[in-house]
Structure formats: C-alpha cells, structure tokens
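I opened a fresh page for this protein today. These are my notes on what I looked up, in the order I went through it.

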Amino acid sequence: MRSSIQLATLNYALVVAEEGSFLRASRRTGIDHSALSRRIRDLEYAMGTRIFHRHARGVGPTPAGERFLEHLRSVLLELDNTLTLARTGIKDDQQRLSIGSNGIILAGRALDAIIEFGQSHPNVTVSLTESPYPSPEAALGATQVDVVVTSSSRFTGGAFELTLWRDTLAVVLAANHSLASRSMIEWHELQQETLLVRRGEAFQLADAVGRAVQLPSIVEHHVSAGILLRLVGNGLGVALIHDQDADSVPQDAVCRKLRIGGKPIQISSLARWRPDNANPALPTFISFLRDPYSC
C-alpha cells in the first residue's frame, strides 16, 4: 500500500482537513478541484476506510479520519525534522546515540550521567526520548533508540542489562500543606492525598514500594516534570521526585523526606540495550556507565 500513496497526497489530505472544503483546498494547493477530490478518494481506497464525510457545506473528517490525520501530522513533522537535520549535516567523525527513558527516571543521577557523558564525549551527539511505560522498551525492540534507562524490572526480551544506581524518593507538597512543616513524612500519611504522577510513573512507583503497600489515589498527567510540580504548588496534589532534585522544587512547594516504616524508599535504575545493535557509540556509553555508575 505504501508504494501506491504519494507523499504529496498525504499533504493534500491535511490541507483538505484544515480548509474543510475541496474547493478552498484546491485554491490553496493550486490543484484542480476534481483532481484533488480524486486523489483523496484514491487515498481512502488504498487505506480501505473513509477519511472524510462529504456534505453540502464541505467535508469533515470521520472518526477514523481524525485518528489518521492526527498521527499523519506527527509523522510528517518528524519527517520534516529528519530532513532538516540531514540538510544541516554532521561531521564525518561525529557519532549519534539515542537514549530512551520513562517518567521520573529521566532526572536525578540519570540525567547527570547523560550530561557528563555528553561533556566528556563531544564526538557523540546524544538525543533523548522520554516515553511512557512500556514504550521505551518497545522502542528498543524496534531499534528506535539505542539504549533505555529505566527503573522497571518487568521487561524481558533478550536485551543486555546493566544494573545502575539506587535513588531515594522524596515527596513534594504545597508550601501551605498541613504536612509541610515536617522534615520527614511516612508513606501512610499520604493515603488521603492525591498523588500526581507523570505518564508511566505508576508502574515504577509500584515496583519501588512493593505490592503489599497500598497506593494513594493516583492521577496521571501527560506533562513535563516542571508543570507537574506547579500543579503541586497550587494544591492539586502531591508528587514524588529524587531527593537529590530538591533544588528543582518551585517556591510555592516544599520537598520532604519520605519513609515506609522509618526506612527510605529507593528506586533502582537499569540500562538495557539490544546485543545486535552495531552503533559504535553504544559500547562507549555502556563502558562509561559501568564505572562509576553501575552497582
């Protein structure tokens, strides 16, 4: 099917959706109205589904069309970015390394390690991809990333694995919270709170505290860590971070030590990569992690 669909036709589909009319889209693209309509019908035939509803006032996407067009926009944007990078060029001796991660783990020591690696290896261009669980591992299997840094021990699939560090978790509360005056908070004291997490972090949290420990009410947000902490500062819930990231907490929030039965809550980190990955930058990064970051 891919060979029968032209890239221009995909772009035309987006224009039709934006204009809501074949006539207006034809004026914008400079293509005859009937020819543009035929292109869209051919696209629908090749896909085996209707993309647009035709009506007296113009056209509008079907439910399936909306999903297709939304994904198409992101794909074409990624293609544009790829072509732009290709045009800018890269030195012959420059290597690339893509690192995937998820949720709370792309912070603290993980981010420090990646920054240190980039500074000590200027010939390697590092790109970061943050994805929800289990997408980082799925991307690894599809070779979309070279290495995954994660806290989840659930993934299996023949990947090589390196055990890294253990980070201690802390709780972030609004500065006016009733528990904010305390220097240490026990986990059970959060049972009546709303715990705000980023996409995929609930899995990591369950692994960290153990199956026998009850979790408070959890609300998942698909936002950055900075936005999540702003929500906490405005009293919409509490959140967890690495205790070494306490300096990143905004002024309207506070960071406090968190314990279960008087003991700190720790979250382990792992690096995983495919044994058949031939990227020369990958073994360089793994060797960098082995000392002093691995356990």
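**Entry 1: the whole chain**

I started with how the chain folds back on itself. Among contacts in the protein with a separation of 6 or more, 72% are accounted for by residues 24 or more positions apart. I noted on the same page that this is a predicted model.

Next I tallied the secondary structure, and I found 9 helices and 13 strands. The protein has 295 residues, and buried ones make up 42% of them. I also searched for salt bridges and got 7 in the structure.

**Entry 2: α1 against α2**

I then went to the helices at the start of my list. Helix α1 covers residues 7-19, and its axis comes within 8 Å of the axis of α2, with a crossing at roughly 125°. An angle of 65 to 115 degrees would count as roughly perpendicular and one over 145 as roughly antiparallel. α1 and α2 are therefore oblique to each other. I checked the hand of this crossing too, and it is right-handed.

Which residues of α1 and α2 meet? From α1 I wrote down Y12, V15, V16, E18 and E19, and from α2 F22, R24, A25, R28 and T29. Sorted by class, this contact has 5 nonpolar, 1 polar and 4 charged residues.

**Entry 3: the charged residues between α1 and α2**

I wanted to see how the charged side chains pair up. R28 forms a salt bridge with E18, and their closest N and O atoms are 2.8 Å apart. This pair links distant parts of the chain, with R28 in helix α2 and E18 in helix α1, 10 residues apart.

E19 also forms a salt bridge with R28, with the closest N and O atoms 3.0 Å apart. A further salt bridge joins E19 to R24, where the closest N and O atoms are 4.0 Å apart. I drew these up as one picture: E18, E19, R24 and R28 are linked in a network of salt bridges.

Are these residues buried or exposed? I looked up each one:

- R28 has a relative accessible area of 47%, so I put it down as partly exposed.
- E18 comes out at 47% as well, and is partly exposed.
- R24 is partly exposed, at 39%.
- E19 has 22%, which still makes it partly exposed, as buried would mean under 20%.

**Entry 4: α3 joins in**

I moved on to helix α3, residues 33-47, and its packing with α2, residues 22-29. The two axes come within 9 Å and cross at roughly 105°. That angle makes α2 roughly perpendicular to α3. On the α2 side the contact is made by F22, L23, A25, S26 and T29, and on the α3 side by H33, L36, S37 and I40. I counted classes here too: 5 nonpolar, 4 polar and no charged residues.

How do α1 and α3 cross? Their axes come within 10 Å, at an angle of roughly 110°. α1 and α3 are therefore roughly perpendicular to each other. In α1 I listed A8, T9, L10, Y12, A13 and V16, which meet L36, R39, I40 and L43 of α3. The residues of this contact divide into 8 nonpolar, 1 polar and 1 charged.

**Entry 5: V172, a residue in a strand**

I picked V172 for a closer look, and it lies in strand β6, residues 160-174. Its relative accessibility is 0%, so V172 counts as buried. Setting aside neighbours within four places in sequence, I found V172 in contact with L229, V232, V238, A239, I241, V249, A253, V254 and C255. I also checked V172 against P250: they are 78 residues apart in sequence, and their C-alpha atoms are 9.8 Å apart in space.

**Entry 6: D276, a residue in a loop**

My last stop was D276, in the loop between β13 (266-273) and α9 (281-290). D276 has a relative accessible area of 51%, and I noted it as exposed because the cut-off is over 50%. From D276 I looked across to F160, which is 116 residues away in sequence and 9.8 Å away in space, C-alpha to C-alpha.

Methods: Residues numbered from 1 in each chain as written. Predicted model: local features only at pLDDT ≥ 70, side-chain atom pairs only at ≥ 80, totals over all residues. Heavy atoms only, no water. Axes fitted to C-alpha atoms, helices over the stretch in contact; angles between N-to-C directions. Helix = DSSP H or I, 4+ residues; strand = E, 2+ residues; numbered from the N terminus. Parallel < 35°, antiparallel > 145°, perpendicular 65-115°, else oblique. Contact = heavy atoms within 4.5 Å. Nonpolar A, V, L, I, M, F, W, Y, C, P; charged D, E, K, R; others polar. Left-handed = near helix turned anticlockwise from the far one by under 90°. Buried < 20%, exposed > 50% of the residue type's maximum accessible area, 1.4 Å probe, protein only.
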